[in-house]
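Keep the model open beside this text and follow along. The walk goes from the sheet and its helices to loops, rings and charges.

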Amino acid sequence: MLKKAVAIIGTGYGLRVINSCISKTKNFYVKKIISRKKKGKLYSNKFHSILKDKQISLICLETPPFTHLDYLQKLKNFKKNILCEKPFLINQKEINFFENNKEKFNFNLLINCQLRFHPSLEKFRKMVRSFGKIKKIKILYFSNNFEEKKNDWWMNVKKGGGHLMAIGPHLLDLSNYLNGSIVNLKKKLMVNTKYQKKINTKFHFIGRFKDLSILEVISSCNNPIPKKNGLYIYVNGIDKTLKFSNFEKIILKNKNQKKIYNTKMKIEDKFFNNPW
């Protein structure tokens, strides 16, 4: 079977993660990366060159959120498969425009919420689905990378910046993946005022799943305690609990026993241990 050609637009997350992931696959290879600055055989600043290349069947759109709609309009007539980084669009105006014109966009589109494809979360989901009656699922994700973002578009909410837009879609998609549809969701944002532009650095969701179990999600990118950083998921049932511990282990506890399942990836697949 011939490998299928892929083009990547963007050299941030696109180069660091998407390019690395595609290089691990058996059926795809990266033919071209669109970049304004990087040079070399793999790179090009000619965006239109990938549109007419019939070998390229998948385009990975890994650019800042405020550029997505513009790129999608340029791609709409070329029948490509598109993997688009989240957030897909940045405001209701863009959403309405896309919804009202979706018949004109002649491509297959998938939003890149990649956590549901992580091997350790796939295993955790199987355990959640066979867990029995669920009372509550609580998801915590903390990091301390806010200082790295302060000079970037990330600091501008109007361009799709802020912690809510960066991580919120991941954690809501993960919630849906684990336990189905979410209803009655409410959010609270915490804002950092250290810089000229106010930007959200923490959010708190509370809601219910369709099965009436409670969902709580808390996340911050400005957490000063390193040992608390990472992704942790707690599932509470009637007489047992299930814990996902930062891609390294899953712990199942009930009245009589405690089981620990090792989910840490092999060293050669270490980029899977931090899929953000």
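**Helices across an open sheet**

Helix α1, residues 13-23, lies across four strands: β1 (4-9), β2 (28-34), β3 and β4 (56-61). Its direction makes an angle of about 155° with β2. This is a predicted model, so read every value that follows as computed from predicted coordinates.

Now take the strands themselves. Six of them form an open sheet with parallel pairing. The order across the sheet is β3-β2-β1-β4-β5-β6. Two strands sit at the edges, β3 (43-44) and β6 (108-111). Each of these pairs on one side only.

Look at the β6 edge. Strand β5, residues 81-84, pairs with β6 in the parallel sense. The pairing runs over 4 bridges. One residue to locate in β5 is L83, whose bridge partner in β6 is L110.

A second helix uses this part of the sheet. Helix α3, residues 68-75, lies across β1, β4, β5 and β6. The angle between α3 and β4 is about 165°. Compare the two lists: β1 and β4 appear under α1, and they appear again under α3.

Next, leave β5 and step into the loop that leads to α4 (92-100). P87 lies in that loop. The peptide bond from K86 to P87 is cis. Its omega is near -5°.

Further along comes helix α7, residues 163-179. It has 17 residues. From first C-alpha to last it reaches 24 Å, close to the 24 Å expected at 1.5 Å a residue. How much of α7 is covered? Mostly: 13 of its 17 residues are buried. Just after the helix, G180 takes a positive phi of about 90°.

Two other residues have positive phi without being glycine. The value for L212 is near 75°. For F247 the value is about 70°. Both are loop residues: L212 lies between β9 (199-209) and β10 (214-220), and F247 lies between β12 (240-245) and β13 (249-254). Which is buried and which is exposed? L212 has a relative accessible area of 59%, so it counts as exposed. F247 has a relative accessible area of 1%, so it counts as buried.

F247 also leads to T263. T263 lies in the segment after β14 (258-262). Leaving aside residues up to four places away in sequence, T263 touches S120, K123, F247, E248, K249 and I250. T263 counts as buried because its relative accessibility is 9%, and the cut-off for buried is under 20%.

Finish with the aromatic rings. A pair of rings is described by the distance of the centres and the angle of the planes. With centres required to lie within 6.5 Å, the count comes to 8 aromatic pairs. One aromatic cluster is formed by F88, F98, F105 and F107. Place F88 just along the chain from P87, the proline of the cis bond.

Two rings also carry a lysine over the face. Where does K159 lie? K159 is over the face of F66, at 5.0 Å from the ring centre. In the other case, the charged end of K240 sits over the ring of F131, 4.9 Å from its centre. K240 belongs to β12, the strand that precedes the loop of F247.

Conventions: Residues numbered from 1 in each chain as written. Predicted model: local features only at pLDDT ≥ 70, side-chain atom pairs only at ≥ 80, totals over all residues. Heavy atoms only, no water. Phe/Tyr/Trp six-rings, centres within 6.5 Å; stacked < 30°, edge-to-face > 60°. Lys NZ or Arg CZ within 6 Å of the ring centre and 35° of its normal. Pairing = 2+ DSSP bridges. Contact = heavy atoms within 4.5 Å. Axes fitted to C-alpha atoms, helices over the stretch in contact; angles between N-to-C directions. Buried < 20%, exposed > 50% of the residue type's maximum accessible area, 1.4 Å probe, protein only. Expected span 1.5 Å × (residues − 1).
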